[in-house]
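Student: I would like to learn how to read the packing of helices and the enclosed spaces in a model such as this one. Could we go through it feature by feature?

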Amino acid sequence: MDTTQDIAKVDQLSQVIRYVIIEQSESGRPTDIKINESFLGFKKVEDGSAVGLQGDIIDSIKSKVIFICALFCYLGIDLSKCRGQGYDGAAVMSGPYSGVQKRILDEVDRAVYVHCAAHNLNLVLNDAMNGILEIGKFFASLEKLYAFFAVSIKRWTLLSEILSSKRKAGSLQLKRLCPTRWSSRNYSLLAIRFSYADILQALAKIILTSNNASEQTDASNLKKDLESFEFVFQVVLHTKILIATNGVSQNLQKSDFDLWQARDLLQAARKELEEFRGEFEKAKSDAVELAKSWGVRVEFGQKRVKKTKRHFDELCEDQRLSDGDKRFKVNVFLACLDIAISQLNHRFVGLNQIVDSFAIIQPQVLLQLTAEELAKECDKFREKYYDD
């Protein structure tokens, strides 16, 4: 369930229901389990509060009759058989005390809420990169670079001709930054990484040949941003983070991907980022090598250090990082990775609990349990789903 506005700015509740069909052989033995999704339609939202959305959802579920297949003419959806809820992380939907998921859970105590995993991973990247000023400036520069070439056919043609002459056209063109799907920014970074010299060549040509003063100024500012060592280091940093999470994001959107696999991939991504956190010097070495190949001066820009007034009862002076290397490591590199790792731990607690509750049906778990442990876990599982 999610709400979205149409062209007339009317808030509508989109409704998608997932259900399971157990296929049987001619003898009546189960042969396969198929998971299906059906779009039930849109419903105009009059009340956007948790109470209002709860009423809309329950009314829709109780009143909807869907056609599944030739074996069933019409099937009424029974709310008491609901075993899961999936929404985004908005407080009105996921609130633990008065959100929609809690109100539905009060109606059906086994309708466990799980935050959409792909959306949740996107929020991890959003928190890690939006909360740091330097990273915000980095991605703003990427967006300005795309806009600078994209709004002018002449400039875009110039860049395309330079890329074509070096057989780099097509997939390595500059790409727009998607504001909602952070994992897709991996393609934008790859375009920068493999077409960096060509982009600088296009900007330099515009600066030298353009008769438009505003165009020359914009090109000059963009070229200055791209030629800083901090920009190159951030290309290395974000490429590593997005490569570690992009594969997970793509798999989480597959229809045949289960929660057990999702947890394993998320844990692997978190472990990879934790290892990368301790490899600042290696990352710096990669950035230095890349900067030298691009002809960029290997030096962090110096910033004026702000000093605050020292009061009489303070034990020492206010100290700030003045060294560019240490400042980047603490304020950008470690800060970004710490937020990402922390969010990967925090945001998927609910998903891990669901996986643990169904661990008993996983082959790898069954092989590890003794007969007594297996009987105990089966009793727990049967007590929870006693009438299913």
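Tutor: Let us begin with a helix contact in this predicted model: on the side of H5, Glu134, Ile135, Phe138, Phe139, Ser141 and Leu142 take part, and they meet Glu230, Phe231, Gln234, Val235 and His238 in H9. Sorted by class, this contact of H5 with H9 comprises 6 nonpolar, 3 polar and 2 charged residues.

Student: At what angle do H5 and H9 pack, and how far apart are their axes?

Tutor: In general, two packed helices are described by the angle between their axes together with the distance between those axes. Here helix H5, which covers residues 133–150, and helix H9, which covers residues 229–252, pack at an angle of about 95°, and their axes lie 11 Å apart. Because angles of 65 to 115 degrees count as roughly perpendicular, H5 and H9 are roughly perpendicular to each other.

Student: How many cavities of 30 Å³ or more does the structure hold, and which residues line the largest cavity?

Tutor: There are 2 cavities of 30 Å³ or more, and the largest cavity has a volume of about 40 Å³. Its lining is formed by Leu142, Leu145, Leu174, Lys175, Leu177, Ser188 and Ile192, with H5 and helix H7 (185–209) being the elements that give two or more residues to it. By class, the lining of the largest cavity has 5 nonpolar, 1 polar and 1 charged residues. Leu142 thus appears both in the contact of H5 with H9 and in this lining.

Student: Which residues line the second largest cavity?

Tutor: The second largest cavity, with about 30 Å³ of space, is lined by Glu134, Glu230, Phe300, Gly324, Arg327, Phe328 and Val332. Helix H12 (residues 324–346) supplies the largest share of that lining, 4 residues, and the classes are 3 nonpolar, 1 polar and 3 charged. Glu134 and Glu230, which line this cavity, also belong to the contact of H5 with H9.

Student: Where in the chain does pLDDT stay under 50?

Tutor: It stays under 50 over residues 61–75, for which the model has 22 contacts beyond four places in sequence. Among the elements, strand E4 (residues 65–66) has the lowest mean pLDDT, 34, whereas helix H8 (residues 213–226) has the highest, 92. The chain as a whole averages 79, and 81% of the residues score at least 70.

Definitions and conventions. Residues numbered from 1 in each chain as written. Predicted model: local features only at pLDDT ≥ 70, side-chain atom pairs only at ≥ 80, totals over all residues. Heavy atoms only, no water. Axes fitted to C-alpha atoms, helices over the stretch in contact; angles between N-to-C directions. Parallel < 35°, antiparallel > 145°, perpendicular 65-115°, else oblique. Contact = heavy atoms within 4.5 Å. Nonpolar A, V, L, I, M, F, W, Y, C, P; charged D, E, K, R; others polar. 1 Å grid on protein atoms, 1.4 Å probe; cavity = no way out; pocket = protein on both sides within 12 Å on 5 of 7 lines; lining within 4 Å. Points joined across faces, edges and corners; volume = space filled by probe spheres on them. pLDDT = per-residue confidence, 0-100.
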